[in-house]
Amino acid sequence: MTTSFEWSLPRGSIISGKWKQGSYRVERMLGEGANGKVFLVERAKYYYALKLGSDAVDLQSEVNVLQSIYKQKEKRGAKPGLFLVDVDDYRAADGKEYPFYVMRYIKGKTLSDYLQSQGKEWFPVVLYNLLGKLAELHEAGWSFGDLKVENVLVADYGRPELVDYGGATAFGKGVRQFTEIYDRGYWNAGTRISDARYDLFSFAVLCLKLQEGRRLAQLSSGLLPQTRTPDELAKLAATSAALKPLSGWLRKALYGEFASAREAAAAWQQWMHKSGAPSKASAPAPRWLKGLFALSAAVLATTIYLLLRTAS
Amino acid sequence: MRQILLVTDGCSNVGVSPVVAAAQAYAAQITVNVVGVIDHGDLGEFGSSEIEEIARAGGGLSRLSHTRQLSQTVQMMTRKTVVQTIQQAVSRELKQVLGNTSIEELPPEKRGEVVRVIDDLTETAKLKVALLIDASASMKPKLAAVEEAIRDLAISLSSRQGSSELAVFHFPGSAYGEDCMLDLDWTSNISGIHSIFPRLQMRGTTPTGPALLHVIDFYQKADYGNRKNDGTDGMMSDYVV
Ligand SMILES: Nc1ncnc2c1ncn2[C@@H]1O[C@H](COP(=O)(O)OP(=O)(O)OP(=O)(O)O)[C@@H](O)[C@H]1O
């Protein structure tokens, strides 16, 4: 897949909107995909992520999804943080107009990078938090659809955020975008009709991908289409040292036996507590402790900043 | 909405030109998409330009695909074509209501409403896809992948809210002089079917054009019974933009 515009924007470029005149200074490119390029931009000292697309209908469709998720969360009395900041069109140097939207910048690493750099001991809590994110979305009536390693960014202290809502689908409709290996249909485990279980299936594959990536790839390329079943995935989980304690949970997710992400999260939490914090007494200066120091340093810095500001 | 998806790996070599046949399909409000299956780069320049021409005449898309990506390619083309067909219908409607305005020129809020309508229709409009499979000798090792792609497409179609049906043909037919054969009549569920292509006798000719005409005919026969077909006309009547 390639995007239909090949140029990029150098640092310092200004992207300004044709309708609302909002203007953003490009810092760097964050990533690109089938539907566009995402830039880190700055406006009035704040950083945002700006997605520039080439197809107005595709991009608008994503914007619509973000807007209706926001409205539904609001209706349910939740106070959703504003994710979508601005929507407009940009006239580029080539004379063409490109639609864009501006969203909250998530300063984080992709899920696999995060676990690699911070250590696998973060796996239980990060994935637990991710289940919470999914539950929130489900309670607004949407599935995420294209849940995969690349679409989960993890900020400090294991706080995950979902990015790329191109696959998000209202419950009851056909999932708009998915990736084969995470897809319930591909594994002959059900339809592509959007529901909470669809995401939970992908979530289980995500766990396999994180812990047994190579074996998962071998499994899917080694099986014939008819023999791809959730059972094969469950077997893989049961024979993995890292996933064995979780294999009961994974089996339920793969077979669609959790009624909701909340229920799945509660079961996950039970497992997390039962297995206890994996801290070993002998470990010198555990990572979480370092994290704590970093946190108090940050708090200190903020306090000083506030003091200085009120003083001036 | 009506589509034909042609899956082939070479050039037509008998009968009416497939480009002319595709133009006829388009005239009958059937969009023609073409996938060229390449496993060892065996389509050749001639074949690639032919599939491009067929798709252009048929108002659809053409793609080259390795058998490994076939499911994804078929999936993507079908969906994209649905969106495009609806987008065109909606644009026509817009022009009538607002004068010479394209979707891109609308301010973001209005654009949002129009795209919501497009997305709704993409999910709910009636859809028929006839798959036309080249079963000439060189395709034999690729038929397993073709069958998998058809099954995968069927899962997606049956997950739509709108009624969706597919039919499968292969060409040339088994008997001499037969351009095309029906393997699977319109259905919305193929999970019970064990094998879509039972024991094909592979023959050397590739009558792509005649086979296309055959499928157009098949569509039109089905139309006699239920007039007011599932074209895009009247699709917008539920919406006031
Ligand atoms: N809000 C954000 N904050 C930080 N980084 C982001 C944000 N949104 C997107 N990115 C980065 O940009 C990349 C591309 O974005 P995105 O996945 O939305 O593009 P896409 O065109 O929809 O891609 P795909 O082909 O996966 O559909 C992401 O993988 C991510 O790394």
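This is a chat about a predicted model, its ligand and a few residues in chains A and B.

Reader: Hi! Before we start, what are the ground rules for numbering and confidence here?

Author: Residues are numbered from 1 along each chain as its sequence is written, while chains are lettered from A and ligands numbered from 1 in the order in which they are written. The model is predicted, with local features needing pLDDT of at least 70, side-chain atom pairs counting only at pLDDT 80 or more, and totals for chains, interfaces and linings using all residues; side-chain values use heavy atoms, leaving out hydrogens and water.

Reader: Thanks! How many residues surround the ligand, and which are the closest?

Author: The ligand is surrounded by 19 residues, and the closest are Ala34(A), Asn35(A), Lys51(A), Arg104(A) and Asp164(A). A residue is near if one of its heavy atoms lies within 4 Å.

Reader: What classes are in that shell around the ligand?

Author: Nine residues are nonpolar, five are polar and five are charged. Here Ala, Val, Leu, Ile, Met, Phe, Trp, Tyr, Cys and Pro count as nonpolar, Asp, Glu, Lys and Arg as charged, and the others, Gly among them, as polar.

Reader: Which elements of chain A give two or more residues to the shell?

Author: Those are strand S2 (23-33), strand S3 (36-43), strand S4 (46-53) and strand S6 (97-104). S2(A) gives the largest share, four residues. Helices (H or I, at least four residues) and strands (E, at least two) are DSSP runs, numbered from the N terminus.

Reader: And where does the ligand lie with respect to domain 1 and domain 2 of chain A?

Author: Domain 1 (14-104) and domain 2 (109-275) both contribute residues to the shell, so the ligand lies between them. The bounds come from an automatic or database domain assignment.

Reader: Nice. Which side chains have an N or O atom paired with a ligand oxygen?

Author: Lys51(A) has a side-chain N or O atom 2.6 Å from an oxygen atom of the ligand, and for Asp164(A) the distance is 2.8 Å. A polar side-chain atom of Gln177(A) lies 3.2 Å from a ligand oxygen.

Reader: How much of the ligand does the protein bury?

Author: Taken alone the ligand exposes 620 Å², and the protein buries 87% of that.

Reader: Back to Lys51(A): is the residue buried or exposed?

Author: Lys51(A) is buried, at 7% relative accessible area; buried means under 20%, exposed over 50%, and partly exposed in between (1.4 Å probe, protein chains only). This lysine sits in strand S4 of chain A. An unreviewed UniProt entry places the feature "binding site" at Lys51(A), though such annotations may be inferred rather than shown by experiment.

Reader: Switching to chain B, how many helices and strands does the chain have?

Author: Chain B has six helices and six strands, in the order β-α-β-α-β-α-α-β-α-β-β-α along the sequence. Of its 241 residues, 53% are buried.

Reader: Which peptide bond in chain B is cis?

Author: The bond from Phe171(B) to Pro172(B) is cis, with omega near -10 degrees. Pro172(B) is in the loop between strand S5 (164-171) and strand S6 (181-187) of chain B. Most peptide bonds are trans.

Reader: Last one: what is phi at Tyr157(A) and Gln29(B)?

Author: Tyr157(A) has phi near 60 degrees, and Gln29(B) has a positive phi of about 60 degrees. Most residues other than glycine have a negative phi. Tyr157(A) lies in the loop between strand S9 (152-155) and strand S10 (159-162) of chain A, and Gln29(B) in the loop between helix H1 (18-27) and strand S2 (31-37) of chain B. Tyr157(A) is partly exposed at 31%, as is Gln29(B) at 44%.

Definitions and conventions: A polar contact is a pair of N or O atoms within 3.5 Å; within protein, one must be able to donate a hydrogen and the other to accept it, and residues adjacent in sequence count only if both atoms are side-chain atoms. Accessible areas come from the Shrake-Rupley method with a 1.4 Å probe; for residues, only the protein chains shown count as cover.
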